[in-house]
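Hi everyone, thanks for making time for this. I'd like to walk you through a few side-chain pairings, and then stop at one residue in the interior. Here is what we'll be looking at.

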Amino acid sequence: MSGKTGLVFFPAFDWAISPTHPEREERLLYTRDTIFEEGVLDLPNIEELAPRLATFHDIARVHFCVPRVQSQVTEAHLIAAGAAMLLGDLIIEGSLRNGFALVRPPGHHAMRVVHGNRGFCNINNEAVLVEYLRRRHGVKRIAIVDSDVHHGDGTQEIFYHDPDVLFISFHQDGRTIYPGTGFTHELGGPLAYARTLNVPLPPGTTDETFLYVVDNLILPVLQDFAPEFIINSAGQDNHYTDPLGSMRFTAQGYAEFTRRLNPHLAVLEGGYAIESALPYVNLAILLALSGHDYSYVREPDYWPGKFKESPERLDQVKRMVDNLLGIWQNRDKADIEKLFGTGKFYQRKKNIYYDTDYIEEEQFEKVRMCPYCPGYIIIESRANRGYGSPNRVFAISVPFQACSCCQAEAADAYEKAKKEGRFDYVYLQDKTTDTYMSYERNKNQEWCSEGPRPEV
């Protein structure tokens with residue numbers, strides 16, 4: 001196996017929320033300058049690679065884009081997701097030891113159904129990578145550790161019922177920051193209980209507490225879960241200078257986290273202190289991934305001891321870590337019927353707000369409680385932009401591990417929904433066969449992944 005670290009750098013010069021929005025191309029220009037000035041790309045075990053594009057089919061494997069994939073993605077989205085896929089390929093094939101996708105647009109707030117942009121995200125880059133690794137390389141067990149200051153609610157939602165994807169997010173407490181989720185009671189669905197773990201940290205948390213969580217919760221859980229591939233959803237906005245967060249992480253803290261986690265791949269998410277944080281944090285992460293000394297990477301206004309952790313805050317986090325570790329260790333003894341109820345389907349309602357595009361969505365989700373597989377998922381979605389008629393969506397997702405009965409039931413439900421006429425758009429996502437169907441009622445037309453079916 002190669003000892004190289006791969007780097008894909010894609011600042012997306014032609015994509016921004018707006019010219020003055022924090023999510024714009026300037027985010028990565030100072031990082032680019034720093035990497036060049038420090039001569040990092042001259043190091044023999046760091047290799048910069050050109051990105052490639054994901055296909056619409058790769059996106060449809062994860063998302064129900066309304067009305068179609070082409071409506072929600074730009075070329076920049078395809079490049080960002082494709083960069084992660086390229087690095088994933090090379091790592092699995094042994095050409096790289098690990099990699100860092102320094103790309104935009106970010107993606108961890110994009111959920112399974114996509115009516116528009118929320119939290120600066122349309123397409124979930126990590127989720128596209130996960131489903132690609134499963135389909136292309138047959139990878140079974142994957143872990144995603146999200147280190148963004150904002151809860152990775154999109155990634156959580158996509159894998160909430162998947163027992164083979166472990167999702168751990170530590171972030172600033174959702175009572176104090178967008179998206180207002182990511183609490184300790186969010187633990188995964190009935191067939192994937194405790195495969196989701198959230199660590200909401202108090203504002204002002206420093207490196208000391210951050211690394212305590214890593215050593216005493218994240219690493220033991222990962223060792224127990226034994227993933228074949230570890231992804232770091234790498235948000236740098238826990239940094240003490242970030243304008244959107246209220247935390248006190250440093251570049252050294254992020255580097256230590258990266259060294260200890262030892263991910264196969266880090267994929268950039270947030271981070272909006274473009275001069276005072278991103279150049280230092282991204283450089284430190286790249287050096288940690290490649291095994292080089294990062295001890296001299298230090299922000300100009302930082303000195304050791306600048307931030308003192310509060311004993312009360314550390315004690316609070318220690319109690320939370322003990323509680324979550326206990327839940328993880330006893331996950332197979334949990335009374336699932338008592339926690340989630342009984343019946344053929346587990347059901348829940350969700351209200352989702354698209355803060356960027358001002359869309360209000362109501363979702364009704366049903367999960368087939370199958371004794372032989374993780375069960376298929378049905379989503380009925382109604383989204384309103386505040387004018388005109390709302391979009392009504394019926395979507396079914398069949399997991400990779402689905403049994404033949406669940407596949408057949410899902411196919412029947414798709415055909416029935418097409419005939420009912422209650423929904424504007426009907427989707428079927430069958431991961432067992434890598435087939436993705438969509439039907440638009442007003443046009444009475446059906447597509448298979450990227451184009452009309454031959455018989456239509």
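Let's begin with Asp224. It has 43% relative accessibility, so it falls in the partly exposed class. A word on the model before I go further: it is a predicted one.

Now, who does Asp224 pair with? Its side chain meets that of Arg331 in a salt bridge, with 3.6 Å from N to O. The two residues come from distant parts of the chain, 107 residues apart: Asp224 belongs to helix H7, residues 207-225, while Arg331 is in the loop between helix H10 (311-329) and helix H11 (336-340). Is Arg331 buried or exposed? Its relative accessibility is 15%, and because the cut-off for buried is under 20%, Arg331 counts as buried. So this bridge has a partly exposed acid at one end and a buried arginine at the other.

That is one example from a longer list, since the structure holds 30 salt bridges in total. Another one I like is Asp434 with Arg61, where the closest N and O atoms are 2.9 Å apart. Asp434 sits in the loop between strand E15 (425-430) and strand E16 (435-440), and Arg61 in the loop between helix H2 (56-60) and strand E3 (64-65), so this pair ties together parts that are 373 residues apart in sequence. Both Asp434 and Arg61 are buried.

For a third pair, have a look at Arg422 and Glu420, which form a salt bridge with their closest N and O atoms 3.3 Å apart. Arg422 is partly exposed at 43% relative accessibility, and Glu420 is partly exposed as well, at 39%. Going back to Asp434 and Arg61, they belong to a network: salt bridges with shared partners join them with Asp58 and Arg135.

Finally, please find Asn198, in strand E8, residues 196-201. Its relative accessible area is 0%, so Asn198 is buried. What does its side chain reach in there? One answer is the backbone oxygen of Glu186, at 3.2 Å. The Asn198 side chain also makes a polar contact with the side chain of Gln156, at 2.8 Å. Leaving aside residues up to four places away in sequence, the residues that Asn198 touches include His151, Phe167, Ser169, His171 and Leu324. Gly182, Phe183 and Thr184 are also among them.

That's my tour, and I'm happy to go back to any of these on the screen.

Notes: Residues numbered from 1 in each chain as written. Predicted model: local features only at pLDDT ≥ 70, side-chain atom pairs only at ≥ 80, totals over all residues. Heavy atoms only, no water. Salt bridge = Lys/Arg side-chain N within 4 Å of Asp/Glu carboxyl O. Helix = DSSP H or I, 4+ residues; strand = E, 2+ residues; numbered from the N terminus. Buried < 20%, exposed > 50% of the residue type's maximum accessible area, 1.4 Å probe, protein only. Polar contact = N/O pair within 3.5 Å; in protein donor to acceptor, adjacent residues only side chain to side chain. Contact = heavy atoms within 4.5 Å.
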